[in-house]
Amino acid sequence: MAASEKTLTIDNNTTNEGWTVVIPRRGKQRRKATKHGVLEEKHEPWTPTDSQTDPSKEALLMQKMKRSIDRIENSEFYHTLRDQVQTSIVDYINMVLGSEINMQMVIYGIGSIEIYEIPRLQLSLALLMRRDFDWIGNIEVFDPILSATECRVFEALGCSVMSKNEHGRREALKPTMFFMPHCEAELYNNLLQANWKLDLLKNIVLFGNSFETYEQNASLCKNSPILNSMGHIFAARGFTNAFRIQVVSDDYYFAFHDSSWHFFSPGLETELQFINP
Ligand SMILES: C[S@@+](CC[C@H](N)C(=O)[O-])C[C@H]1O[C@@H](n2cnc3c(N)ncnc32)[C@H](O)[C@@H]1O
C-alpha cells in the first residue's frame, strides 16, 4: 500500500475575512443527556451549539490545528502508528476494501477542537492518515457539541460536518472507517447494532476504545447499568480482530491510550444471534 500523493495544506487565510457567519439558533429542547452521557437528539436536523462565528476565531483555531498537526507529524508516536498500519494492519484494510479503491472516514465524538488539545491531536492524526494512506477518502465529522467556528474550520480542513445526529448508527453499506477515539461505549454499541449483519460488519474498520479492555473491566463492575448498553460490544468479541496502537510517549497518552483497530468477521449468521435489542 503506497503512501498517497495527497497533501495536507493548512492555509490560515482559508476562512474569509470581513464577515460573520450566522447560523440559526437551535432549540434548547433538542438536547438531552442520557444516563450514560451520550446525547440523544429529539429532533433533527442538527445545527451547531452557537449561532455565530467570525474570521478571527476561525484563524486562531486554524493556527492551533496547524501546530497540532506539526506536532503529531514529527512524533515517534505517528511514525510507529504509520509503520503498524503498513505492516500489520494493511491486509485487514485490503480485506475490508475488497474491490473498492478507498473508503470514507466517519469521525464521531471528536470533542471540542476549540477548547481542548486532545481532540485537536486526535483530529490531526485523522488528517495525517488521510494524507498518507491512499485508501482513505473523504472525511465526515459529527459531534453534537461542535460550535459554528469548529464547523467552519472542519470544512476548511477538507472535512464535511454532518447535518444530523446519527447517534453512531451509520450503516456501512460500503467500506467505511469509523474514527472514534475515546467515545462512550454506547456509541460503539449503537454502531455495531446498526450493522449487525454479516455483509455490513465486514465493511467496518473501527479505530476506537479497545473492546478487549471493556471486556476485562466488565468483570470489575458487574452490576453497573452501563453493561446493559454494551451487549453488541461483548457479543462481537468472538469475531473481532483487534490491534492495539502503541502510544510510545507519555505526550500522547491522554489522547490515544487504550485505542485499537477493530475488524469484524463473523463467519455465520448464528454468531449474530441472541443479542438483546
Ligand atoms: C468522552 S468524549 C471524547 C471526546 C474526545 N474524543 C476526547 O478523547 O477527549 C465523547 C464525545 O462523544 C460526543 N458524542 C455524544 N453523543 C454523540 C453522538 N450521538 N454522535 C457523535 N458524538 C457524540 C460527546 O459530545 C463527546 O464530545
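**The ligand site and its surroundings**

In this predicted model, an N or O atom in the side chain of Asp 143 sits 2.7 Å from an oxygen atom of the ligand. Two further approaches involve the backbone of the protein. A polar backbone atom of Gly 109 is 2.9 Å from a nitrogen atom of the ligand, and a backbone N or O atom of Pro 181 is found 3.0 Å from a ligand nitrogen atom. Considered by itself, the ligand exposes 600 Å², and 82% of that area is buried by the protein. The ligand has 17 residues around it, and those that come nearest are Gly 109, Gln 122, Asp 143, Asn 165 and Pro 181.

Asp 143 deserves a second look. This residue is placed in the loop between β4 and α4. Asp 143 counts as buried because its relative accessibility is 7%, and the cut-off for buried is under 20%. Leaving out residues up to four places away in sequence, Asp 143 touches Trp 46, Gly 109, Ile 110 and Gly 111. Gly 109 therefore appears twice in this account: as a residue touched by Asp 143, and as one of the residues that come nearest to the ligand. A separation along the chain can also be set beside a separation in space: Asp 143 and His 167 are 24 residues apart in sequence, while their C-alpha atoms are 9.3 Å apart.

The loop that holds Asp 143 also holds Ser 147. The loop runs between β4, residues 136-142, and α4, residues 148-156. Is Ser 147 buried or exposed? With a relative accessibility of 7%, Ser 147 counts as buried. Its contacts, again without residues up to four places away in sequence, are Pro 48, Thr 49, Asp 50 and Glu 114.

Another buried residue is found in a helix. Glu 58 belongs to helix α1, which covers residues 55-73. Its relative accessibility is 2%, so Glu 58 counts as buried. The side chain of Glu 58 is joined to the side chain of Thr 53 by a polar contact of 2.8 Å.

Ile 115 offers a contrast. This residue lies in the loop between β3 (103-108) and α3 (117-132). Ile 115 counts as exposed because its relative accessibility is 61%, and exposed residues are those over 50%. Exposed does not mean without contacts here: setting aside neighbours within four places in sequence, Ile 115 is in contact with Arg 120 and Glu 150. Ile 115 and Glu 150 are 35 residues apart in sequence, with 9.9 Å between their C-alpha atoms.

The surface also carries a nonpolar patch. Ile 118, Tyr 253 and Phe 254 form this patch, and together they have about 310 Å² of accessible area. Tyr 253 is part of helix α9, residues 253-256. With a relative accessible area of 40%, Tyr 253 is partly exposed.

Loops on either side of α9 hold two residues with a less common backbone angle. Most residues other than glycine have a negative phi. Which value does phi take at Val 248? Phi of Val 248 is near 65°, a positive value in a residue other than glycine. Val 248 is located in the loop between β8 (240-244) and α9, and counts as partly exposed at 40% relative accessibility. Asp 258 also has a positive phi, near 60°. Asp 258 is in the loop between α9 and β9, the strand of residues 259-264. This aspartate is partly exposed, with a relative accessible area of 27%.

Finally, the chain can be viewed as a whole. The chain has nine helices and nine strands. Of its 277 residues, 51% are buried. How are the contacts spread along the sequence? Among contacts between residues at least 6 apart in sequence, 76% join residues at least 24 apart. The chain exposes about 13200 Å², of which carbon and sulfur atoms supply 49%.

How values were computed: Residues numbered from 1 in each chain as written. Predicted model: local features only at pLDDT ≥ 70, side-chain atom pairs only at ≥ 80, totals over all residues. Heavy atoms only, no water. Helix = DSSP H or I, 4+ residues; strand = E, 2+ residues; numbered from the N terminus. Buried < 20%, exposed > 50% of the residue type's maximum accessible area, 1.4 Å probe, protein only. Contact = heavy atoms within 4.5 Å. Patch = residues over 30% accessible without salt bridge, like charges linked within 9 Å, V, L, I, M, F, W, Y side chains within 5 Å. Areas by Shrake-Rupley, 256 points an atom, 1.4 Å probe, with all protein chains shown as cover. Salt bridge = Lys/Arg side-chain N within 4 Å of Asp/Glu carboxyl O. Near = heavy atom within 4 Å. Polar contact = N/O pair within 3.5 Å; in protein donor to acceptor, adjacent residues only side chain to side chain.
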